[in-house]
Amino acid sequence: MCGIVGYIGEKQAAPILLEGLEKLEYRGYDSAGIAVFDGTEIHAKKSMGRLKILSELTHGGETLPGTTGIGHTRWATHGAPSDMNAHPHFNQDKTIAVVHNGIIENYMKLKKKMQDKGYTFKSETDTEVIAHLLDYYYKGDALETITKVMHRVEGSYALGIIFKSEPDKLYAVRKDSPLIVGKSNIGNLIASDVPAVLKYTRDVYFIENEEIVCMTKDDIQFYNIDEEELEKQPATIEWDIDAAEKGGYEYFMLKEMYEQPQAVSDTINPRIKEGKIVIDELGMSDEEIRQIRKIYMIACGSAYHTCVSAKYVFEGLARIPVEVDLASEFRYRHPIYEENTLAIIVSQSGETADSLAALREAKEHGVRVLGIVNVVGSSIAREADNVMYTWAGPEIAVATTKAYSTQLIAHYLLAMKFAQARGTADEKTITEMVKDLKKLPGQIEMLLENKKKIQKFANRYLATEHVFFLGRGLDYAISLEGSLKLKEISYIHSEAYAAGELKHGTISLIEEGTLVVAVATQEELYKKTLSNIQEVKTRGAFVMAVTNVGNTEIEKTADYVIYLPKTNPYFTNSLAVIPLQLFGYYVSLGKGLDVDKPRNLAKSVTVE
Ligand code: M6R
């Protein structure tokens, strides 16, 4: 994880670096640091804790002179969060400074070698080895030095580097960690993500693996690992800086929940033409779709939960077998690859290390890969054979909401497209589904209006220690997401179970007052889930139920009921998730936690 920034230009660098880091704090926030070159010396300031501490220490950057600099916000991997382990890291005589996002896998071996050569290390990080290696190889040619270091290190990195002996230059390089370059009229910038540079420019270069950037205040050059110069074209960022700001909401998570109706409709609308599903970016003819025999759906976290939902939709509607995998498992499980298989990799950031590795693994075995991705131009988007974007816009809160909702939509659209092509759903069914799909944004909006009621309920559970989520079929899939949403931001232990499974062990944990959230939206499974609710109720549970409007008899068993408007049974997860997101949000808020930046987490998980 971690976020890196860099600036070289006419303005004082430190305030610009701090502004950029603020936009990247979602990537890690246990410590931060900047290094600025004033033409004579490289000055650094680092601090454990949130960025605002660093900002206060430097009076918003004012106390650090110089127009070239690099900055870092950290999510610790090697070495605990501390001032010493915070980046930038330096060579011994402080003539080279480096910030790093990624992991150097062979750093122990390299560290030992450098120690044997007399180098002393000040931190416990893997990054410091890069600073010393740069020092070791530097004989006056920075580009050559960087390529030599690239040949020595294994793992992932996006680096920002300044050399005291090259006062008018800033270098950057990446392998398997995101890096972009922004060209602006006040100078040039590097960053891990676009929001960090948007204040100054919309002209952005996406840096590919093993590309090196050398920039001055008015020029940018790109090189490959063989030091050959490359031609690159900038992309223009269409979305606005406001999209990445809080806009009056207390937390990004709340703002992003409220953006769901728009995000969902932006993801649906371009793919419906004359009542039919048209997904041009799929790049597959109906004949090619008919040839697909199996689909792998691969992702992490909430994106994985959308795949669990999608399995039910694809298998039910398009009658095609789906294997759902956690990316971290898929990449090492040596699956049996067969012909005519499609892999769908789902990711908000498009940078999740395990998902990217799973993509590469599938491609290496000749499997065609479709990415469902939110961040345009991200690694997964670029490396997939085809990419279907979820038009959620920038998502900042660590707990995903609108990206999750748009991923569900992408799955529905694909399943409907497959059903259309394979002839497993007739025209009338698809037409009805399209109608229901188009109603979802308005229904989500309506459910968001319940927020006060859910806040009141949530406030009763601030001190609770365990929560269980139950559901069958698609309701099990949404329980997984409801449970993750709650635990990641409220620190309350919660688990999701297929409702029929509880009695095989876990029911022994239910005691007087245990909160159980039961989801019962699947009409054909409704009675079964009702019996399972009864089972936990008998053992003292307090039950909050989420079900479809009209299922009023549930009130005889459940203590608190949330009704969802009517939709196609395959789409209920899009509605059920709203009260569950609100519940997690308000528990976290009520406990006074930092909703957007929960402890130990980061938005973009670019390490294994
Ligand atoms: O960027 P990705 O969609 O690949 O991220 C996957 C997970 O890290 C992410 O969904 C995570 O589980 C969220 N914190 C859930 O809210």
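Select Ile295 first: its bridge partner in β19 is Val322. The model on screen is predicted.

**Stop 1: the parallel sheet**

Widen the selection to strand β18, residues 294–299. β18 pairs with β19 in the parallel sense, over five bridges. Now bring in the rest of the sheet. Five strands make up this open sheet, and the pairing is parallel. Read across, the order is β19-β18-β20-β21-β22. Colour the two edges next: β19 at 322–326 and β22 at 386–389. Each of these edge strands pairs on one side only. Direction ignored, neighbouring strands are turned by 20° against each other on average.

Add helix α11, residues 353–364. α11 lies across three strands of the selection: β18, β20 (341–347) and β21 (368–373). The helix runs at about 165° to β20.

**Stop 2: a hairpin**

Move to residues 31–37 and 42–48, which are strands β2 and β3. How many bridges join β2 to β3? Seven, and the strands run antiparallel. Pick Ser31 to see one such pair: its bridge partner in β3 is Met48. Then select the turn. Four residues sit between the two strands of this hairpin. Gly39 is in that turn, with a positive phi of about 100°.

**Stop 3: helix α4**

Select residues 128–137, helix α4. Is α4 largely enclosed or not? Eight of its 10 residues are buried, so the rest of the structure largely encloses the helix. Show those buried side chains: Glu128, Val129, Ile130, Ala131, His132, Leu133, Leu134 and Tyr137. Now display what covers them. The cover includes strands β5 (89–90), β6 (96–104) and β7 (155–163). Helices α3 (107–116) and α5 (142–152) also belong to the cover.

Keep α3 and α4, and hide the rest. Their axes are 10 Å apart, and the packing angle is about 50°. The two helices are therefore oblique to each other. Their crossing is left-handed. On the α3 side, select Tyr107, Leu110, Lys111 and Met114. They meet Val129, His132, Leu133 and Tyr136 of α4. By class, this contact has six nonpolar residues, one polar and one charged.

**Stop 4: a second helix pair**

Select α7 (residues 260–268) and α13 (residues 402–422). Which way do these helices lie relative to each other? They pack at an angle of about 30°, with axes 9 Å apart. An angle under 35 degrees counts as roughly parallel, so α7 and α13 are roughly parallel to each other. The crossing of α7 and α13 is right-handed. From α7, show Gln260, Ala263, Val264, Thr267 and Ile268. From α13, show Lys402, Ser405, Thr406, Ile409 and Leu413. Those residues make the contact. Their classes are five nonpolar, four polar and one charged.

**Stop 5: Phe206**

Finish at Phe206 in strand β11, residues 203–206. Is Phe206 buried or exposed? Its relative accessible area is 18%. Buried means under 20%, so Phe206 is buried. Add Gly182. It is 24 residues from Phe206 in sequence, and the C-alpha atoms are 9.1 Å apart.

Now show the contacts of Phe206, leaving aside neighbours within four places in sequence. Start with Leu179, Ile180 and Val194, which are among them. Glu211, Lys232, Ala235 and Ile237 are also in contact with Phe206. Add Val376, Gly377 and Arg382 to complete the list.

Methods
Residues numbered from 1 in each chain as written. Predicted model: local features only at pLDDT ≥ 70, side-chain atom pairs only at ≥ 80, totals over all residues. Heavy atoms only, no water. Pairing = 2+ DSSP bridges. Buried < 20%, exposed > 50% of the residue type's maximum accessible area, 1.4 Å probe, protein only. Contact = heavy atoms within 4.5 Å. Axes fitted to C-alpha atoms, helices over the stretch in contact; angles between N-to-C directions. Parallel < 35°, antiparallel > 145°, perpendicular 65-115°, else oblique. Left-handed = near helix turned anticlockwise from the far one by under 90°. Nonpolar A, V, L, I, M, F, W, Y, C, P; charged D, E, K, R; others polar.
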